[in-house]
Amino acid sequence: GSLTHLCTPLEIELSHVSDDLFENLIKQLHPTPALGGWPKNPSWEWLKKNRSREAYRFGAPFGARSPQGEFFIVVAIRNLEWRHGQIFLTSGCGIIKESQAQKEWKELALKRQWVMENLGICH
């Protein structure tokens, strides 16, 4: 389509999965490089202080674990959320030292436009 993204499927086999391991894996994956910054720790601290509260669940990892110990974790880098009778469309991008603000804003607009076009929503 009009956007290209890298996808990095990760599959691991473990002999034992504990609650701590599951939570630690989620923490290691969050924020995903597609929505975070580099270096990770200082950018994460900045995001926690400055990210809009309107973002709600956008970019947060979601996972589920079966009683047999199998689990999956996903992160939505584009998100539609229904709240209080309104639909919110959110998008994000990763920021590094070399990022250029105008290009990042343009990328965010393209991501939202792609979602709206594919849902038949015009603005």
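Glutamate 45 and lysine 48 sit together in helix 2 (residues 40-50), 3 residues apart, which is about one turn of the helix. They are a good place to start a tour of this predicted model, since the two residues form a salt bridge with their closest N and O atoms 3.1 Å apart. Searching the whole structure gives 3 salt bridges, and the notes below go through them before turning to serine 91 and a nonpolar surface patch.

**Salt bridge in helix 2**

- Glutamate 45 has a relative accessibility of 40%, so this residue counts as partly exposed.
- Its partner, lysine 48, is also partly exposed, at 38% relative accessibility.

**Salt bridge between arginine 83 and glutamate 81**

- Arginine 83 pairs with glutamate 81 in a salt bridge, and the closest N and O atoms are 3.3 Å apart.
- Arginine 83 is buried because its relative accessible area, 9%, falls under the 20% cut-off.
- Glutamate 81 has a relative accessible area of 11% and is therefore buried too.

**Salt bridge in helix 3**

- Lysine 111 and glutamate 107 bring their side chains together in a salt bridge, at 3.2 Å from N to O.
- These two residues, lysine 111 and glutamate 107, are 4 residues apart in helix 3, so about one helical turn separates them.
- Lysine 111 is buried, with a relative accessible area of 2%, whereas glutamate 107 is partly exposed at 28%.

**Around serine 91**

- Serine 91 belongs to strand 4, which covers residues 86-91.
- With a relative accessible area of 15%, serine 91 is buried.
- Leaving aside residues up to four places away in sequence, serine 91 touches Phe58, Ile77, Leu108, Lys111 and Arg112.
- One of these neighbours, Lys111, is the lysine that meets glutamate 107 in the helix 3 salt bridge.
- The side chain of serine 91 makes a polar contact with the side chain of arginine 112, at 2.9 Å.
- A polar atom of the serine 91 side chain also lies 3.5 Å from the backbone oxygen of leucine 108.

**Nonpolar surface patch**

- Leu80, Trp82, Ile87, Leu119 and Ile121 make up a nonpolar patch on the surface, and together they have about 540 Å² of accessible area.
- Among them, leucine 119 is located in the segment after helix 3 (101-118).
- Leucine 119 counts as partly exposed, because its relative accessibility is 48%.

Notes. Residues are numbered from 1 along each chain as its sequence is written. This is a predicted model: local features need pLDDT of at least 70, side-chain atom pairs count only at pLDDT 80 or more; totals for chains, interfaces and linings use all residues. Side-chain values use heavy atoms; hydrogens and water are left out. Buried means under 20% relative accessible area, exposed over 50%, partly exposed in between (1.4 Å probe, protein chains only). A polar contact is a pair of N or O atoms within 3.5 Å; within protein, one must be able to donate a hydrogen and the other to accept it, and residues adjacent in sequence count only if both atoms are side-chain atoms. Contact means heavy atoms within 4.5 Å. Patches are made of residues with over 30% relative accessible area and no salt bridge: like charges are joined within 9 Å, nonpolar side chains (Val, Leu, Ile, Met, Phe, Trp, Tyr) within 5 Å. Accessible areas come from the Shrake-Rupley method with a 1.4 Å probe; for residues, only the protein chains shown count as cover. A salt bridge is a side-chain nitrogen of Lys or Arg within 4 Å of a carboxyl oxygen of Asp or Glu.
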